[in-house]
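This report goes through a single protein structure, from its nonpolar cores to individual residues. Please keep the sequence and the coordinates at hand while reading.

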Amino acid sequence: MNIGIVGLGLIGGSLGLDLRAAGYQVLGVSRQDKVCRDAIARGVVDDAAVDMALLAAADVVFVCTPISAIASTVQQLIPHLSADAIITDVGSVKKSVVEAITPLWANFVGGHPMAGTAESGLEAAVQNLFVGKAYVLTPVATTPPAAVKTVEEIVRSLEAKIYHCSPENHDKAVAWISHLPVMVSATLIDACISETDPVVLELAQQLASSGFRDTSRVGGGNPELGLMMARYNRVELLQSLQQYRHCLDEFISQIEQEDWNGLHSKLTATQSKRSQFC
Ligand code: NAP
């Protein structure tokens with residue numbers, strides 16, 4: 001099976017490395033000649049070009065461009081594809097992507113690997129990024145079952161855990177566990193740097209250790225990714241942020257009122273519930 005990848009960045013490049021290792025023939029498309037040459041040299045793809053015509057031979061194409069460019073990438077891709085080719089994407093938001101692509105190409109399966117790092121670009125691509133991680137597929141009523149089965153077979157070769165859900169439920173769920181944490185973590189850093197006493201600020205920076213490193217990690221990542229989450233999952237993100245503000249107000253109120261029993265109950269509940277998420 002020939003697999004095409006458009007967008008040889010962190011996710012596209014990492015997919016290329018693993019899919020080649022799994023025995024697939026991988027064809028890559030980048031906008032830059034240099035990235036094509038580097039991708040071939042690094043063994044990310046078997047062949048690469050800046051021209052989408054390379055993907056005429058592809059059976060399945062993974063669109064790995066930023067969310068804002070997925071629909072335009074598919075539009076450029078379609079004239080070059082064979083009629084029975086399958087398109088799938090890796091975008092972190094699904095409702096708007098699935099709504100835009102489904103009318104353009106029937107053999108489309110929305111997808112989202114729940115794996116990543118704070119880096120971007122081909123140089124950030126790594127092997128085994130998807131091993132043991134969730135990989136969500138969001139077929140809709142019109143999605144051909146055979147296309148879903150083929151994408152599942154490829155995803156299984158990445159050793160990822162496959163989940164199915166509607167694009168709407170995907171966007172609600174990721175608002176809670178991915179997009180809200182980015183905003184909470186970013187606002188944590190924002191709050192800390194608002195300390196006005198330079199002596200205290202410098203001391204805090206010197207004392208920060210593993211707890212701060214863990215809680216600030218996603219807020220200190222690629223700003224473009226956070227911006228995409230907010231722009232393309234705006235409604236669901238706002239709902240989760242408002243609920244978060246409500247929870248924060250409850251904690252503040254318990255501390256103000258010295259309601260130590262109430263606070264202890266909440267912290268006991270969060271301690272026991274965390275294991276249900278990770
Ligand atoms: P990335 O490292 O920046 O890679 C995206 C690649 O797409 C770039 O290297 C670039 O390759 C190409 N590209 C950039 N702008 C473009 C444009 N306007 N039109 C066409 N191509 C463009 O980003 P990524 O983290 O791999 O993200 C790619 C997709 O994966 C996004 O849709 C994102 O939502 C999704 N995703 C990301 C993560 C994560 O943690 N990073 C996790 C899961 C899913 P060339 O310059 O070589 O053309």
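The sections below cover the cores, one helix pair, the cysteines and a few single residues.

## Nonpolar cores

The model is predicted. Its largest nonpolar core has 37 residues, and the members that touch the most others are Leu15, Leu19, Phe62, Phe130 and Tyr135. Six elements each supply at least two residues of this core: the strands β1 (2-6), β4 (60-63) and β8 (134-137), and the helices α1 (10-21), α2 (33-41) and α5 (145-157). In soluble globular proteins, nonpolar side chains tend to be buried together.

Phe62 shows how the contacts run. Leaving aside neighbours within four places in sequence, Phe62 is in contact with Ile3, Gly4, Ile5 and Val6, with Leu15 and Leu19, with Thr88 and Val90, and with Tyr135 and Ile154. Apart from the largest core lies another one of 22 residues, which includes Leu27, Met52, Ile87 and Ile101.

Helix α5 also holds Thr150. Thr150 counts as buried because its relative accessibility is 19%, and the cut-off for buried is under 20%. Beyond its neighbours within four places in sequence, Thr150 is in contact with Met1, Val60 and Ile86.

## The α10 and α11 pair

Helix α10 spans residues 234-256 and helix α11 spans residues 260-274. The two pack at an angle of about 145 degrees, and their axes are 8 Å apart. Their crossing is left-handed. On the α10 side the contact is made by Glu250, Phe251, Gln254 and Ile255, and on the α11 side by Trp260, Gly262, Leu263, Lys266 and Leu267. Sorted by class, this contact has five nonpolar, two polar and two charged residues.

## Cysteines

The structure holds zero disulfides. Cys36 is in no disulfide, and the nearest cysteine sulfur, in Cys64, is 14 Å away. Why is the sulfur of Cys64 not bonded to that of Cys36? At 14 Å, the closest cysteine sulfur is too far for a bond; the cut-off for a disulfide is within 2.5 Å. Cys36 is buried, with a relative accessible area of 4%, and Cys64 is buried as well, at 11%.

## Single residues outside the buried class

Asp38 is placed in helix α2. With a relative accessible area of 30%, Asp38 is partly exposed. Its C-alpha atom is separated by 13 Å from that of Gly16, and the two residues are 22 apart along the chain.

Two residues that are not glycine have a positive phi. For Asn128, phi is near 60 degrees, and for Glu159 it is about 65 degrees. Asn128 is in the loop between β7 (111-113) and β8. Glu159 is in the loop between α5 and β9 (161-164). Are these residues buried or exposed? Asn128 counts as exposed at 52% relative accessibility, and Glu159 is exposed at 54%.

The table lists the accessibility values for the residues discussed.

| Residue | Relative accessible area | Class |
|---|---|---|
| Cys36 | 4% | buried |
| Cys64 | 11% | buried |
| Thr150 | 19% | buried |
| Asp38 | 30% | partly exposed |
| Asn128 | 52% | exposed |
| Glu159 | 54% | exposed |

Methods: Residues are numbered from 1 along each chain as its sequence is written. This is a predicted model: local features need pLDDT of at least 70, side-chain atom pairs count only at pLDDT 80 or more; totals for chains, interfaces and linings use all residues. Side-chain values use heavy atoms; hydrogens and water are left out. Axes are lines fitted to C-alpha atoms, for helices over the stretch in contact, and angles run from 0 to 180 degrees between N-to-C directions. Helices (H or I, at least four residues) and strands (E, at least two) are DSSP runs, numbered from the N terminus. A crossing is left-handed if the near helix is turned anticlockwise from the far one by less than a right angle, and right-handed if clockwise. Contact means heavy atoms within 4.5 Å. Ala, Val, Leu, Ile, Met, Phe, Trp, Tyr, Cys and Pro count as nonpolar, Asp, Glu, Lys and Arg as charged, and the others, Gly among them, as polar. A nonpolar core is a set of buried Ala, Val, Leu, Ile, Met, Phe, Trp, Tyr and Cys residues joined through side-chain atoms within 4.5 Å. Buried means under 20% relative accessible area, exposed over 50%, partly exposed in between (1.4 Å probe, protein chains only).
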